[in-house]
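Here is a brief report on a protein fold. Look over the sequence and the coordinates before reading on.

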Amino acid sequence: MPSFDIVSEVDLQEVRNAVDQANRELRTRFDFRNVDSGFEFRDGHIVVWAEEDFQLTQLKDILYKKCAGRKIEQNALVEEGIERSGKQQRLKLSLHSGIDRDTSKVIANMVRKSMLKIQVQIQGDKVRVSAGKRDDLQQIMQQVRELEIKLPVQFNNYRD
């Protein structure tokens with residue numbers, strides 16, 4: 001019986017590479033010369049710091065552009081807020097991985113309402129979908145992609 005898993009994962013090595021690329025671009029930018037600013041990746045969080053609000057916005061744009069080039073979806077990065085101390089402002093971005101319980105219920109209900117002969121199981125932070133035919137699974141993949149959820153989803157562990 002063909003099956004696959006619906007998951008929400010972020011490749012940490014790609015995030016590390018995107019942060020390194022953003023730091024390299026920051027060093028070559030003339031408008032950030034002699035400005036205390038940068039990016040840091042540690043403990044599953046990205047910290048962006050700068051002196052002014054508009055600089056922080058520009059740094060976020062640089063980071064998002066580098067993440068997009070590395071196939072990391074923007075909605076996988078969750079802003080936790082800005083901390084101000086002295087002249088410096090720090091923005092902490094956390095990486096979201098795993099499908100929460102509410103989102104997995106929405107996905108499971110959508111699959112059940114599709115009226116196809118499909119079985120859905122919620123297994124922790126992933127959703128397993130099984131069907132008798134491959135075509136049914138492909139229809140479900142398309143419907144999940146069209147579903148408006150705030151998480152990046154991937155389909156893996158496909159078994160025929």
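The report covers the sheet, its helices, the cores, a hairpin and an aromatic pair.

## Four-stranded sheet

The model is predicted. It contains an open sheet of four strands. Their order is β2-β3-β5-β4, and the pairing is antiparallel. β2 and β4 (77–85) are the edge strands. Each has a single partner strand, so one side of each lacks a neighbour in the sheet. On average, neighbouring strands are turned by 20 degrees against each other, direction ignored.

Within this sheet, β3 and β5 are joined in the antiparallel sense over six bridges. Ser94 in β5 stands opposite His45.

## Helices on the sheet

Two helices contact these strands. α1 packs on the sheet and touches β2, β3 and β5. Its direction makes about 160 degrees with that of β2. α2 lies across β2, β3, β4 and β5. The angle between α2 and β3 is about 140 degrees.

## Nonpolar cores

The largest nonpolar core has 25 residues. Val15, Phe39, Ile46, Val48, Leu59 and Leu63 touch the most other members. Two or more residues each come from α1 (12–28), β2 (38–42), β3 (45–50), α2 (53–69) and β5 (88–95). α2 gives the largest share, six residues.

A second core is separate and holds 19 residues. Val120, Val127, Leu137 and Ile149 are among them.

Back in the largest core, Leu59 is one of the residues that touch the most other members. Neighbours within four places in sequence aside, Leu59 is in contact with Leu26, Phe32, Ser37, Gly38, Phe39, Val48, Trp49 and Ala50.

## The β6–β7 hairpin

Strands β6 (residues 118–123) and β7 (residues 126–131) pair in the antiparallel sense, over six bridges. Ile118 has Ala131 in β7 as its bridge partner. The two strands form a hairpin with two residues between them. In the turn, Gly124 has a positive phi of about 70 degrees.

## One aromatic pair

The structure holds one aromatic pair. Phe4 and Phe155 make it, edge-to-face. Their rings are 5.5 Å apart centre to centre, with 85 degrees between the planes. The pair links distant parts of the chain, 151 residues apart. Phe4 sits in strand β1 (residues 3–7) and Phe155 in strand β8 (residues 154–159).

Are these two rings buried or partly exposed? Phe4 counts as buried because its relative accessibility is 0%. Phe155 is partly exposed, with a relative accessible area of 23%.

Technical notes:
Residues numbered from 1 in each chain as written. Predicted model: local features only at pLDDT ≥ 70, side-chain atom pairs only at ≥ 80, totals over all residues. Heavy atoms only, no water. Phe/Tyr/Trp six-rings, centres within 6.5 Å; stacked < 30°, edge-to-face > 60°. Buried < 20%, exposed > 50% of the residue type's maximum accessible area, 1.4 Å probe, protein only. Core = buried A, V, L, I, M, F, W, Y, C linked by side-chain atoms within 4.5 Å. Contact = heavy atoms within 4.5 Å. Pairing = 2+ DSSP bridges. Axes fitted to C-alpha atoms, helices over the stretch in contact; angles between N-to-C directions.
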